[in-house]
Amino acid sequence: MRYRRADVAGATYFFTVNLLNRKQTLLTDHIDTLRACIKTVKQRHPFHIDAMVILPDHLHAIWTLPPGDADFAKRWMLIKTAFSRALPKHENINQSRKSKRERGIWQRRYWEHLIRDELDYERHVDYIHYNPVKHGYVDKTFDWPYSSIHRFIEKGIISSDWGVGESIMLTSLRIR
């Protein structure tokens with residue numbers, strides 16, 4: 001069976017991208033490297049990062065692609081490849097990955113979701129910004145340094161106490 005991905009040019013997508021070993025902390029340990037890889041890919045293959053959070057073992061992002069362009073798969077492949085190549089080789093690589101010349105850093109697949117409307121967008125942005133609290137890394141959303149929430153606060157879109165002492169309605173989202 002062939003895996004089907006959404007393919008809408010110029011659309012907005014939500015992503016979850018995971019490390020293969022979910023006990024590792026490579027993404028935050030090497031945050032500057034990851035940021036540089038994303039920046040390089042954005043320069044060559046433009047896209048807008050609407051919202052993003054980077055956790056030690058996975059990340060969530062909402063991207064809007066340029067009109068006429070639906071190739072988010074290429075962008076993720078380039079980001080994952082550049083990040084992997086920038087890290088020293090310490091991981092065990094199984095035979096399947098060796099035969100495909102892959103490192104043992106990222107899960108092969110990732111989750112993508114085509115954003116359907118404004119409510120869908122808002123719920124996914126909320127999910128992204130609340131994720132560090134959900135995983136127990138911080139008590140307050142703005143305390144997590146690797147989140148676009150800081151940009152949202154600076155622009156006055158949300159207050160700095162967003163998500164503190166209130167029930168965030170994330171239950172309707174089935175996000176990985």
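User: When do two strands count as paired?

Analyst: Two strands pair if DSSP finds at least two bridges between them. Strands (E, at least two residues) and helices (H or I, at least four) are DSSP runs, numbered from the N terminus. Here, in a predicted model, local features need pLDDT of at least 70, side-chain atom pairs count only at pLDDT 80 or more, and totals for chains, interfaces and linings use all residues. Residues are numbered from 1 along each chain as its sequence is written, and side-chain values use heavy atoms, leaving out hydrogens and water.

User: Which residue stands opposite Thr12?

Analyst: Thr64 in E3 does. Strand E1 (residues 12-18) runs antiparallel to E3, joined by 7 bridges.

User: How many bridges link E2 and E3?

Analyst: There are 6, again antiparallel, with E2 spanning residues 48-54. Ala51 faces Ile62 of E3. A hairpin links E2 and E3, with 3 residues between them.

User: Is E3 mostly covered or uncovered?

Analyst: Buried means under 20% relative accessible area, exposed over 50%, partly exposed in between (1.4 Å probe, protein chains only). In E3 (residues 58-64), 6 of 7 residues are buried.

User: Which residues touch the most other members of the largest nonpolar core?

Analyst: A nonpolar core is a set of buried Ala, Val, Leu, Ile, Met, Phe, Trp, Tyr and Cys residues joined through side-chain atoms within 4.5 Å. The largest has 29 residues; Leu59, Trp63 and Trp76 touch the most other members. H2 (31-44) gives the most to this core, 5 residues.

User: What does Trp76 touch?

Analyst: Contact means heavy atoms within 4.5 Å. Not counting residues up to four places away in sequence, Trp76 touches Phe15, Val17, Leu59, Ala61, Trp63 and Tyr110.
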